[in-house]
Amino acid sequence: MDKLVIEGGVPLTGQVTISGSKNAALPILFASILLSEPTTFTNVPMLRDIHTTLKLLSILGCPADFDNNVVSMTPCTLSPEAPYELVKTMRASVLCLGPLLARLGEARVAMPGGCAIGARPVNLHLSGLEKMGARFELEEGYIIGRCRKLKGAHIIFDFPTVGGTENLLMAACLAEGDSILENAAKEPEVVDLANFLIHCGAKISGHGASIVHVSGVSSLGGCSYPIMPDRIEAGTFIVAAGITDGELVLQNCPSEELDALLVKLSAMGMHFENTKEGLLARRRNGSLRGADVRTQPYPGFPTDMQAQVMALMCLAEGSSVVEESIVENRFMHVQELARMGADIRLSGHSAIVRGVGQLIGAPVMASDLRASASLVLAGLAAKGTTQVQRIYHLDRGYERIETKLAAVGARIRRKKE
Ligand code: EPU
């Protein structure tokens, strides 16, 4: 198992190019199941979750080549079973459910199960697909779904679930008749999926708003499509500039989609500027102050940036309160940050962070993707050496993170344990 060894205390300066978005690429790749023609995806990040997705897609009948951030996919005969061995390593595998039912009328997808960041059920995916005519049963840990031909439906989500909206959006594209998805997720990654489907011939309107209309079509073709840049990777590098008191310019940064984060970080004392090269991020005048944050569905503050911003709060003057309202049990980084000298108290779904003058390097354990990013950020600012163990979580979602950080001055290296 690899670990990252970081000598903290170096202000990061220079330019970083933001990679394609993991959370946009995953549903878009799963949408290949819907297509009848070859498709090329560009700006695909070289990540563990993408390799897992491509492995699963090849089992489902969509083999692909992946080289140099380009995926070339050629659909062939589809097969309905997503095996547990792959699904258990990546919850997003459940995104094949809607497309398989739409194309084959049958799906056998292993139940994703619990993961480090809470139970995260898929009930809203299933009830939406049931409204379109699918029937489900659970057999030996597998969700077995069957339908004749999916029928358009009016689906009102109890909660604007990102994956649920994506699954239903994909299914509705090939369903018979019109669908309305109400209280749909507005995340930019959902919009990127909708735009991709439209490029392939789908009839979708309203994506990015809470009511999305879809008119089913009989088939979808292929296209060449660039995946949007990763707003969470960008946000993580922005915090890296702030936490090390450095100055980074982010090329290919989706600034508009980061609005809620930038507003909060500005209130904490960071400064942002759009330059010819990209978004410049640094502290305004040296010090940072605390702020209160509540995670919310887009366009609110993203839960995927909560852990990283908490690392920054550890070094800000005064107190901050972080309320996690989206994902259960997403405070796994707190105990580890505390090992580095952070002063954080947990109370239910909230964390109260009191700024400390300095974090101290320590061996720490990554527990999930964004918690790992938070520990790397803390390590970049800490005095002394931080060893972040179990970084396979980081490899799921950050493309060449140590190479990118080292290129802007970080003293960071990967070591085999
Ligand atoms: N939920 C339900 N029932 C459902 C679906 C969701 O109760 O059927 C609840 C769960 O409590 C869950 C919460 O809603 O914890 C949010 O779930 P959502 O469906 O919105 O999220 P997701 O599709 O499972 C995506 C991202 C996550 C990100 C969340 C929230 C992908 C592949 N994953 O997950 O990203 O945290 O949206 O924005 O797009 C990450 O990248 O580190 C990550 C975890």
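# Exercises on a predicted model

Asn183 sits in the loop between β11 (178-182) and α7 (188-199). This loop residue opens the exercises below, which are all about a predicted model.

## Exercise 1: two asparagines in loops

**Task.** Work out what sets the backbone of Asn183 apart, and then look at Asn252 in the same way.

**Solution.**
- Step 1. Begin with the background: most residues other than glycine have a negative phi.
- Step 2. Asn183 is not a glycine, yet its phi is positive, about 60°.
- Step 3. Turn to Asn252, in the loop between β15 (247-251) and α9 (259-267). Its phi is also positive, about 65°, although Asn252 is not a glycine.
- Step 4. Check the surroundings. Asn183 has a relative accessible area of 29%, so it is partly exposed. Asn252, with 40%, is partly exposed.

## Exercise 2: a proline in a loop

**Task.** Find out whether the peptide bond from Tyr298 to Pro299 is cis or trans.

**Solution.**
- Step 1. Locate the proline: Pro299 belongs to the loop between β18 (293-294) and α10.
- Step 2. Recall that most peptide bonds are trans.
- Step 3. Read the omega angle, which is near 15° for the bond from Tyr298 to Pro299; this bond is cis.

## Exercise 3: around the ligand

**Task.** Describe the shell of residues around the ligand, and say which of them come nearest.

**Solution.**
- Step 1. The ligand has 22 residues around it, and the nearest are Asn123, Leu124, Thr161, Asp304 and Arg370.
- Step 2. Sort the shell by character: ten residues are nonpolar, six are polar and six are charged.
- Step 3. Ask which helices contribute. At least two shell residues come from each of α1 (22-30), α5 (123-131), α6 (162-173) and α12 (369-381).
- Step 4. Look at individual atoms. A nitrogen atom of the ligand has a polar side-chain atom of Asn123 at 2.7 Å. Gly163 brings a polar backbone atom to 2.8 Å from a ligand oxygen atom, and Asp304 places a polar side-chain atom 2.6 Å from an oxygen atom of the ligand.
- Step 5. Finish with the surface: the ligand alone exposes 820 Å², of which the protein buries 86%.

## Exercise 4: two residues of helix α6

**Task.** Say whether Asn167 is buried or exposed, do likewise for Leu169, and list what each one touches.

**Solution.**
- Step 1. Asn167 is part of helix α6, and so is Leu169.
- Step 2. The cut-off for buried is under 20% relative accessible area. Asn167 is at 0%, so it counts as buried. Leu169 is at 2%, so it is buried.
- Step 3. Setting aside residues up to four places away in sequence, Asn167 touches Val94, Leu95, Leu97, Gly98, Pro99 and His125. One of its links is specific: the Asn167 side chain reaches the backbone oxygen of Val94 at 3.0 Å.
- Step 4. With the same residues set aside, Leu169 touches a group including Leu181, Val190, Leu193 and Ala194.

## Exercise 5: looking for disulfides

**Task.** Decide how many disulfides the structure holds, and explain why Cys200 is not bonded to Cys223.

**Solution.**
- Step 1. A disulfide is a covalent bond between the sulfur atoms of two cysteines.
- Step 2. Searching the whole structure gives zero disulfides. Cys173 is in none, and its nearest cysteine sulfur, in Cys200, is 9.1 Å away.
- Step 3. For Cys200, the closest cysteine sulfur is that of Cys223 at 3.7 Å, which is too far for a bond; the cut-off is 2.5 Å.
- Step 4. Note the burial too: Cys173 is buried at 0% relative accessibility, and Cys200 is buried at 5%.

## Exercise 6: helix α11 and its cover

**Task.** Name the buried residues of helix α11 and the elements that cover them.

**Solution.**
- Step 1. In helix α11 (residues 332-339), His333, Val334, Glu336 and Leu337 are buried.
- Step 2. Their cover includes α10 (306-313), β20 (343-347), β22 (363-365) and α12.
- Step 3. Take Val334 as an example. Its relative accessible area is 4%, so it is buried. Beyond neighbours within four places in sequence, Val334 is in contact with Met310, Ile344 and Leu346.
- Step 4. After α11 comes Gly341, with a positive phi near 100°.

Conventions: Residues are numbered from 1 along each chain as its sequence is written. This is a predicted model: local features need pLDDT of at least 70, side-chain atom pairs count only at pLDDT 80 or more; totals for chains, interfaces and linings use all residues. Side-chain values use heavy atoms; hydrogens and water are left out. A residue is near a molecule or strand if one of its heavy atoms lies within 4 Å of it. A polar contact is a pair of N or O atoms within 3.5 Å; within protein, one must be able to donate a hydrogen and the other to accept it, and residues adjacent in sequence count only if both atoms are side-chain atoms. Accessible areas come from the Shrake-Rupley method with a 1.4 Å probe; for residues, only the protein chains shown count as cover. Helices (H or I, at least four residues) and strands (E, at least two) are DSSP runs, numbered from the N terminus. Ala, Val, Leu, Ile, Met, Phe, Trp, Tyr, Cys and Pro count as nonpolar, Asp, Glu, Lys and Arg as charged, and the others, Gly among them, as polar. Buried means under 20% relative accessible area, exposed over 50%, partly exposed in between (1.4 Å probe, protein chains only). Contact means heavy atoms within 4.5 Å.
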